[in-house]
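The following exchange examines how the descriptive terms applied to this model are justified. Each reply sets a value against its definition.

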Amino acid sequence: MSLVFDNFDLYLRAFGYTFFLFLVSGVLSLVFGTILVAMRVGPIAVLRKAGATYVSLVRNTPLVIVFATFSFLAPVLGINFGWLDIHIGEFDFTAFFGAAVASLTIYTSSFVCEALRAGINAVPLGQAEAARAVGLPFTGVMSQVVLPQAFRASVPPLASVQIALIKNTSVAAVFGVAEATAQMRAFTNDDPTQRTGIFIMFAIGYIVIVEGFSFLSHRLERHWAVAR
Amino acid sequence: MSVSVLFDAPGPRTVARHRIYTVIAGLAVLAALGWVVWKLYDNGQFEGDKWEVFVTADYVSVILQGLLDTVKMAFIAILGAVVLGFFLGVGKLSEHRWVRWPAWTFVEFFRAIPVLLLMVFIWYGLGIENNSSSFWGVVIALTLYNGSVLAEVLRAGVNAVPRGQAEAAYAIGLRKTQVMNLVLMPQAVKIMLPAIISQCVVALKDTALGVYILSPGLTKVYKQIYLEFDNRIPTMFVIAGLYITLNLILTMLATWAQKKLVGEKKPLEISMVGLTDADTGATRGGGL
């Protein structure tokens with residue numbers, strides 16, 4: 001454990017990367033997940049099929065394989081993150097970080113899509129029918145009646161998806177991002193006799209992020225909860 | 001589009017408009033797919049010698065061996081997880097605080113940390129120079145993680161059995177263990193089975209993480225193959241295809257079990273990390 005305390009700056013920086021990975025891919029996955037769900041529940045059959053295929057393919061692929069496929073495929077398709085070279089304080093966001101964010105986003109947005117769809121399915125049909133019956137136009141039905149309820153119903157599954165994302169950022173370690181799990185392996189490699197202490201320190205780091213997020217989302221959920 | 005909460009049944013003008021959108025969307029999807037295929041073709045990814053290895057008997061047997069290792073890891077881990085999950089789940093339901101609290105702490109701890117972190121720790125714990133340690137590192141880490149998730153599944157499953165069942169069982173004089181084993185558990189297992197099968201998908205997917213600790217399995221095989229034949233992308237497609245096929249079969253099994261055993265009721269909802277029992281009961285129990 002002393003190894004961690006002696007190099008506490010490395011420990012904090014590693015969790016900084018974990019946190020930034022989570023933050024950026026969390027926001028991006030919400031955006032892409034929303035686009036996907038719009039395709040999946042929209043009136044156009046082709047897009048519905050395309051969305052469903054994407055979701056079932058990505059959801060059933062291990063995240064490591066998504067990372068690998070992306071990092072092998074992207075250069076062939078002319079996508080690369082060579083331009084990404086941002087330095088903020090002690091953090092360097094380079095091509096590895098970009099590829100990790102892209103892979104995490106590809107993977108997580110399919111789960112976000114399913115969470116949002118579950119929320120839409122949770123709205124009883126009668127709600128929309130009643131809204132149409134009182135003469136609301138399409139936009140009114142959506143913005144006043146259906147979407148507010150759907151959004152609230154999808155907060156708990158969305159929170160679960162984002163918590164899974166926090167833990168999934170660890171896979172970036174396999175692909176060269178110096179985030180917490182990679183740092184933990186490096187520390188353990190330096191001094192295997194301290195492995196239990198090192199493991200506990202890093203476990204605590206993850207637990208703090210996960211429980212902190214869980215606490216926030218739970219408060220939101222309470223705040224927005226509707227009586228049914 | 002029969003009934004949807006989002007849209008009214010479309011009239012003739014909307015149907016015509018949708019037809020135009022369908023054509024445009026279809027063309028866009030085809031164009032995107034075509035572009036990817038063309039780029040890959042242009043790059044020479046569809047040349048025969050990059051794919052030949054997958055129809056060569058010797059290498060097919062190597063891939064199948066990798067598949068077997070992967071399935072073996074997932075299978076042992078799930079078996080272990082079911083046993084562990086049973087004890088932890090029953091522990092979490094216990095009336096004794098000194099049983100409930102350790103079980104709760106154990107479950108929450110292993111659900112909140114990444115499996116990969118656990119794998120690395122166990123790998124070093126078993127000794128990294130040891131050949132079998134990476135195999136068992138994956139298996140033990142997945143057992144601990146999935147066992148903790150299944151404990152939560154079991155708790156939710158037992159709580160989903162109508163309360164009258166336990167009350168009636170107590171009323172005819174059964175003991176606590178008898179109520180659990182004879183009355184609650186058989187009914188809970190039926191409700192839980194789809195969730196358990198879904199967890200198998202998670203375990204199978206997570207075996208791929210073993211690549212970080214050099215474990216056997218499909219992810220090791222893919223590295224061996226593409227290093228030898230320089231065919232990264234075809235290998236990725238084949239390996240991903242194997243995983244997707246296995247997982248789709250499991251998912252279909254879970255859907256079938258859901259229909260057969262649980263019927264039209266909603267699947268179990270498992271609370272996320274960090275909520276106390278009282279909280280989940282308050283926000284989720286009522287909505288089901």
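Q: What makes up the secondary structure of chain A?
A: Chain A has nine helices and two strands, where helices (H or I, at least four residues) and strands (E, at least two) are DSSP runs, numbered from the N terminus. Their order from the N terminus is α-α-α-α-β-β-α-α-α-α-α. This is a predicted model, in which local features need pLDDT of at least 70, side-chain atom pairs count only at pLDDT 80 or more, and totals for chains, interfaces and linings use all residues. Residues are numbered from 1 along each chain as its sequence is written, while chains are lettered from A and ligands numbered from 1 in the order in which they are written.

Q: What makes residues of chain A and chain B count as in contact?
A: Two residues are in contact if their C-beta atoms, placed from the backbone, lie within 7 Å. By that criterion, 53 residues of chain A are in contact with 48 residues of chain B. On the side of chain A that touches chain B, α9(A) gives the most, with twelve residues.

Q: How is confidence in chain B known, and where does pLDDT stay under 50?
A: pLDDT is the predictor's confidence in each residue, from 0 to 100. Chain B averages 85, and 90% of its residues score at least 70. Over residues 274–288 of chain B, however, pLDDT stays under 50. Where pLDDT is low, the predicted coordinates should not be read in detail. For the complex, the predictor gives an ipTM of 0.88 and a pTM of 0.87.
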